[in-house]
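This briefing is meant to be read beside the sequence and the coordinates, and it is arranged by topic for use at the bench.

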Amino acid sequence: MIDLRSDTVTRPSPAMRRAMADAPVGDDVLDGDPTLRELEHVVAGLTGREDALWMPSGSMSNLVGLMLHLRRGDRFIAPAHAHVIDSELGTAAWIAQGMPVELPWAAAPGTQGIPSVEDVVAAATAGGPYYTLRPSLLCLENTHNAAGGSVTDAATHHRLVDAAHSHGLAVHLDGARIWHAAAALGVEVRELVGDADTVSVCLSKGLGAPVGSVLSGSAAHITEARRIRKMLGGGVRQGGVLGAAGLVALEEGLPRIDDDRLLAAQLADGLAALGCRVVPPATNILLVAVPDLAAGLAALEGVGVLASTMNGHVRFVTHRDVTPADVDAALAAITASPDTLAALRPIS
Ligand SMILES: *Cc1c(COP(=O)(O)O)cnc(C)c1O
């Protein structure tokens, strides 16, 4: 099986497992774990923030970020199909107590997943009498998962953040795959996260850690985030065992992260040549429009290729446990199966 369901299916590398076994640890709830602290310093440096805090998952990292910025009855705005709106069980509303407002993706080509500055300003200034909701937060996502791993460049990101800040909104960036965006653009992560107030990054998406995300921000935000994480049940004791895997994931994963974009492009080119309707991938997520999602997935599985669905498309995600030869093998298996081709091609 060639598993392209997600970049979370990677297995910890031998070096990760060794580092986990050998990690210096302490009680992170009592007085700190040295390995988690080291990882948090590294990520704070990468994102150009004062401090950072390890989290067990990206969902908790986003939730803590939202809870830092939202008060009961606040409105927060996010691009349509943002992960915090579609894929976190509504916790933005029922735990962080924000009312989500989805902004459409800007119309220009190459702007899937990105709201326009005009829409941000309109939503930020949609005030009214005392019984209307206070807009208080803009939540951005880079890369945007449901848009097919689309990339927001640094200039666009800065314009959106400035628009939000100049109207009194805080900004949280869901940067689960910010690594992929930075590599695709050839810029440093810290340039790409700009002045966002809080930034969440994942160590388990493409970098290969078995677990872990990191929230970064000002020292004051991270002090408060530590309290909120504990409130949510996310305080861990000898977390260095997990943090050590995150450190190795950054060391091993960052230098090769752009390979995943090339793998997705290889797969996209191959499928397009077979007549499939592909959304050209900007990073490691490839969306393909098929006549019937369930039939498409089943046909792929029948030839040894695992994919998933996202936003009405079949989704393939490349990662560090697949090689160019695997992609060629997947394409060859699809090509050799008339039924699979029929399930993936548009009905003519
Ligand atoms: C996966 C993902 C998350 C959440 O990460 P988990 O560790 O699975 O909770 C958040 N945002 C985006 C864009 C993601 O793709």
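The notes below go through a ligand site, a helix, an aromatic pair, unusual backbone positions and two further residues.

The model is predicted, and the values given here were computed from its atoms. Helix 3 supplies the largest share of the shell around the ligand, with three residues, and ten of the twelve residues in this helix are buried. Elsewhere, a cis peptide bond joins Asn142 and Thr143, and Thr143 lies 5.6 Å from Arg177, C-alpha to C-alpha, while Arg177 is among the residues that come nearest to the ligand.

**The ligand and its surroundings**

- There are 13 residues around the ligand, and those that come nearest are Gly58, Ser59, Asp174, Arg177 and Lys205.
- Sorted by class, the shell around the ligand holds six polar residues, five charged residues and two nonpolar residues.
- Two of the contacts involve oxygen atoms of the ligand: one oxygen atom is 2.8 Å from a polar backbone atom of Gly58, and an oxygen atom is 2.7 Å from an N or O atom in the side chain of Ser59.
- On the nitrogen side, a polar side-chain atom of Asp174 lies 2.6 Å from a nitrogen atom of the ligand.
- Taken alone, the ligand exposes 380 Å², and the protein buries 84% of that area.

**Helix 3**

- Helix 3 covers residues 58-69, and because each residue should add 1.5 Å, its twelve residues should span 16 Å, which agrees with the 17 Å between its end C-alpha atoms.
- At the start of helix 3, a side-chain oxygen of Ser57 comes to within 3.4 Å of the backbone nitrogen of Ser59, and Ser59 also has a side-chain N or O atom 2.7 Å from an oxygen atom of the ligand.
- The helix is mostly covered, and its buried residues include Gly58, Met60, Ser61, Asn62, Leu63 and Val64.
- Further along helix 3, Gly65, Leu66, Leu68 and His69 are buried as well.

**The aromatic pair**

- How many aromatic pairs does the count come to? The count comes to one aromatic pair.
- Tyr130 and Tyr131 form this pair, which is edge-to-face, with 5.3 Å from centre to centre and 80° between the planes.
- Tyr130 has a relative accessible area of 77% and is therefore exposed, and Tyr131, with a relative accessible area of 58%, is exposed too.

**Backbone positions to look at**

- Most residues other than glycine have a negative phi, and most peptide bonds are trans, so the following positions are listed for inspection.
- The peptide bond between Asn142 and Thr143 is cis, with omega at about 0°.
- Thr143 lies in the loop between strand 5 (134-141) and helix 7 (154-166), and because its relative accessible area is 3%, Thr143 counts as buried.
- Thr143 and Arg177 are separated by 34 residues in sequence, yet their C-alpha atoms are 5.6 Å apart in space.
- Leu89 has a positive phi, near 60°, although this residue is not a glycine; Leu89 sits in the loop between helix 4 (83-86) and helix 5 (91-94).
- Is Leu89 buried or exposed? At 79% relative accessibility, Leu89 counts as exposed.
- Gln97, likewise a residue other than glycine, has a positive phi near 65°; Gln97 is placed in the loop between helix 5 and strand 4 (98-103).
- With a relative accessible area of 36%, Gln97 is partly exposed, since that class lies between the limits of 20% and 50%.

**Two residues in strands**

- Ser308 is located in strand 12, which covers residues 308-310, and at 15% relative accessibility Ser308 counts as buried, because the limit for that class is under 20%.
- A polar atom of the Ser308 side chain lies 3.0 Å from the backbone oxygen of Arg5.
- Pro79 is found in strand 3, residues 74-79, and with 1% relative accessibility Pro79 counts as buried.
- Pro79 and Pro291 are 212 residues apart in sequence, and from C-alpha to C-alpha they are 26 Å apart in space.

Methods:
Residues are numbered from 1 along each chain as its sequence is written. This is a predicted model: local features need pLDDT of at least 70, side-chain atom pairs count only at pLDDT 80 or more; totals for chains, interfaces and linings use all residues. Side-chain values use heavy atoms; hydrogens and water are left out. Helices (H or I, at least four residues) and strands (E, at least two) are DSSP runs, numbered from the N terminus. The expected span of a helix is 1.5 Å times one less than its number of residues. Buried means under 20% relative accessible area, exposed over 50%, partly exposed in between (1.4 Å probe, protein chains only). A polar contact is a pair of N or O atoms within 3.5 Å; within protein, one must be able to donate a hydrogen and the other to accept it, and residues adjacent in sequence count only if both atoms are side-chain atoms. Rings of Phe, Tyr and Trp (its six-membered ring) pair if their centres lie within 6.5 Å; planes under 30 degrees apart count as stacked, over 60 as edge-to-face and the rest as tilted. A residue is near a molecule or strand if one of its heavy atoms lies within 4 Å of it. Accessible areas come from the Shrake-Rupley method with a 1.4 Å probe; for residues, only the protein chains shown count as cover. Ala, Val, Leu, Ile, Met, Phe, Trp, Tyr, Cys and Pro count as nonpolar, Asp, Glu, Lys and Arg as charged, and the others, Gly among them, as polar.
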